[in-house]
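Please open the model in your viewer and keep the selection panel at hand. The tour moves from one selection to the next and says what is there.

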Amino acid sequence: MSNAKTLLIVDDCIEDREAYRRYLLTDPHQCYHTIEAAVAEDGLALCQTTHCDAILLDFCLPDMSGLEFLYEFKHQVLQTAIPTIVLTGQGDEEVAVQAMKRGAKDYLVKQHLRRDVLQSAVRNAIEHSHLQRQLGQTTERQRLIATTALRIRQSLNLEEILNTAVAEVRNLLQ
């Protein structure tokens, strides 16, 4: 089993936070460390100071909506995107679409939430985010390799070719 993942739960209802924590602690495939916030502002602050692998976000918070949180999160947090799962007391397709457009990875209705559904949604969101980062790194490496090959082909001077190759390999390894 891989290392524990840090999960931020932003929900004003303590009973809901406890239920999510219980569900996730029994996940047979992943271990979690949870941190919690009862209001959006505290959640945003935690995102800036603590590495989180995923966020469970209540749609209705006392200080702002889940959509407002997603907007603020996108504009305030200067780290890589953290997969966010929006949880709501009522299913609404329009709100779900808006949440996804603002960057949410999933949208779950609290009344229909089961242990296995939450566990799977969190694991999938984290895995998808990890794969996106890997894809970005691979794309950047391919770009560097193509640039290096082009520069080498453009030069006929052996010393310049070697210097270019060394410089580009250093860039690639960083």
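Begin by selecting the sulfur of Cys52, which lies 5.1 Å from the closest cysteine sulfur, in Cys47, too far for a bond, a disulfide being a pair of cysteine sulfur atoms within 2.5 Å. By this rule the count comes to zero disulfides. Both residues are worth colouring by accessibility: Cys47 is buried, with a relative accessible area of 0%, and Cys52 is buried at 3%, where buried means under 20% relative accessible area with a 1.4 Å probe and protein chains only.

This is a predicted model, in which local features need pLDDT of at least 70 and side-chain atom pairs count only at pLDDT 80 or more, while totals for chains, interfaces and linings use all residues. Residues are numbered from 1 along each chain as its sequence is written, and side-chain values use heavy atoms, with hydrogens and water left out.

Next, select the strands (DSSP runs of E, at least two residues, numbered from the N terminus): five of them form an open parallel sheet in the order S2-S1-S3-S4-S5, where strands pair if DSSP finds at least two bridges between them. Strand S2 (32–37) and strand S5 (106–109) stand at the edges, each with a single partner strand, so one side of each has no neighbour in the sheet.

Now move to strand S4 (residues 84–88), which four bridges join to S5 in parallel; the partner of Leu87 in S5 is Leu108.

Finally, add helix H2 (residues 40–49; helices are DSSP runs of H or I, at least four residues), which packs on the sheet and touches strand S1 (5–10), S2 and strand S3 (54–58), contact meaning heavy atoms within 4.5 Å.

Methods:
Axes fitted to C-alpha atoms, helices over the stretch in contact; angles between N-to-C directions. Buried < 20%, exposed > 50% of the residue type's maximum accessible area, 1.4 Å probe, protein only.
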